[in-house]
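Biologist: Let us go through this structure together. I will ask how the labels are earned, and you can answer from the values.

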Number of protein chains: 2
Amino acid sequence: MRYELYYWPGIQGRGEFVRLALEYAGLDYLDVARTTSADEAMSTVLRYIEADDVVRRPFAAPYLKAGDLLIGQTANILLYLGAQHQLAPTDEAGRLWTHQLQLTIADLVSEVHDTHHPIASSLYYEDQRAEAQRRAQDFRSQRVPKFLRYFERVLADNPAGSGWLVEAKGTYADLSLFQLIAGLRYAFPNAMAALQSQFPHCWAVHDRVRALPSIAAYLASERRVPFNRNGLFRHYQELDA
Amino acid sequence: MRYELYYWPGIQGRGEFVRLALEYAGLDYLDVARTTSADEAMSTVLRYIEADDVVRRPFAAPYLKAGDLLIGQTANILLYLGAQHQLAPTDEAGRLWTHQLQLTIADLVSEVHDTHHPIASSLYYEDQRAEAQRRAQDFRSQRVPKFLRYFERVLADNPAGSGWLVEAKGTYADLSLFQLIAGLRYAFPNAMAALQSQFPHCWAVHDRVRALPSIAAYLASERRVPFNRNGLFRHYQELDA
């Protein structure tokens, strides 16, 4: 079966957490909106969100079409892929724990978005820049360290001592931690450089995921959309001051 | 087995989504921090978040202790309870779909929080009131209708025509939709009164859950913490203008 991923073609965004899992597992997938013209991209992504004949429709992209199954919500897609393709432990406790870590990453991801859009997604950044500066200051100084302290401790506490978040092998949560750190480093290079030495385990996961053969090949390919100012992680100098 | 729920005793907050599932299923549970003195509540809730001997620690409350298992993240707790106690379909497609709906509710719940804390959770409301007014205006006029349109459509599209979100029976997602609507009506009574007639299916789920015998008994009991200005859903007149 060829998976079909529906997501915005010009950004990494939340879809990137799914792309990384698909690429790491070497799965056959189509990044559907990237195969269409720019004019058709929006209607392609909205297809199963808006069509009348969809019964279990997703609220938003990304969503994954797996045969007859439509799966929305990033963490839910990863829960599915994790179970299907050994990207997480198969026992209930391990499955729930991996998902719990993913949902915690997702919480920080939502906060990243709000650093540049603290008032409304529907407004331009320029129309909420003052509020963004206030929010980003708190995000850099309080929120990022709080979450990284947590993941650092989880990595240190892993009884397997593997350097991965869960047991002895990399899971989709490690891929997502890589993406989180990569995105934060792009968006907040000064803040993240200042934090790096406090979180050696987190940075090691980042470096280790980046070096996995399938991920390294993906990152070097045209399939990896570069970070940019339309995505989730955005670099504005005034938000990293 | 008696479940132990760890959550802040003075608010409904995210813990309420778990309390509703426990109550609906008639499960034996202890709302641990409500059994301690006010002085001990914080250290009780933080116990498994901070103790040195915890291996798979949660990032934040609520979390559920189920025997040896510690489960964090509200939606993850409901995923577990749903599977254990028939609060969701047992086939993979139905399980993922129910969870997807829960995660979509969780997204709006995060946005509710940010209406009164758009800049920083660590600051008082009074220190971000101007930003809160801007954010709440967008929330009331754009975000709430967008999410309610989605849930209304899901309810109308359910092939079972049951009036529930998923198939023929109520699930934890219906309990959560009830809580979402109840909370929004408390926080934004004017905005919600103006929206009600557009979303009859959503309001019907609210009324139907409220009238379920186990839920009605819970809501009338002292176990239901009243809505208040320390919780997730907060009523400030200026945010509902």
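Biologist: Why is Cys202(A) called buried or exposed, whichever applies?

Modeller: Buried means under 20% relative accessible area, exposed over 50% and partly exposed in between, with a 1.4 Å probe and protein chains only. Cys202(A) has a relative accessible area of 0%, so this residue is buried. Cys202(B) also has 0% and is therefore buried. This is a predicted model, where local features need pLDDT of at least 70, side-chain atom pairs count only at pLDDT 80 or more, and totals for chains, interfaces and linings use all residues. Residues are numbered from 1 along each chain as its sequence is written, chains are lettered from A and ligands numbered from 1 in the order in which they are written, and side-chain values use heavy atoms, without hydrogens and water.

Biologist: How many disulfides are there over all chains?

Modeller: A disulfide is a pair of cysteine sulfur atoms within 2.5 Å. By this rule the count is zero.

Biologist: What makes Val18(A) buried or exposed?

Modeller: Its relative accessibility is 0%, so Val18(A) counts as buried. Val18(A) lies in helix H1 of chain A, residues 15-24, a helix being a DSSP run (H or I) of at least four residues, numbered from the N terminus.

Biologist: Which residues does Val18(A) contact, neighbours within four places in sequence aside?

Modeller: Contact means heavy atoms within 4.5 Å. The partners of Val18(A) include Leu5(A), Pro62(A), Ile77(A) and Leu81(A). Val18(A) and Leu81(A) are 63 residues apart in sequence, with C-alpha atoms 8.8 Å apart.

How values were computed
Helix = DSSP H or I, 4+ residues; strand = E, 2+ residues; numbered from the N terminus.
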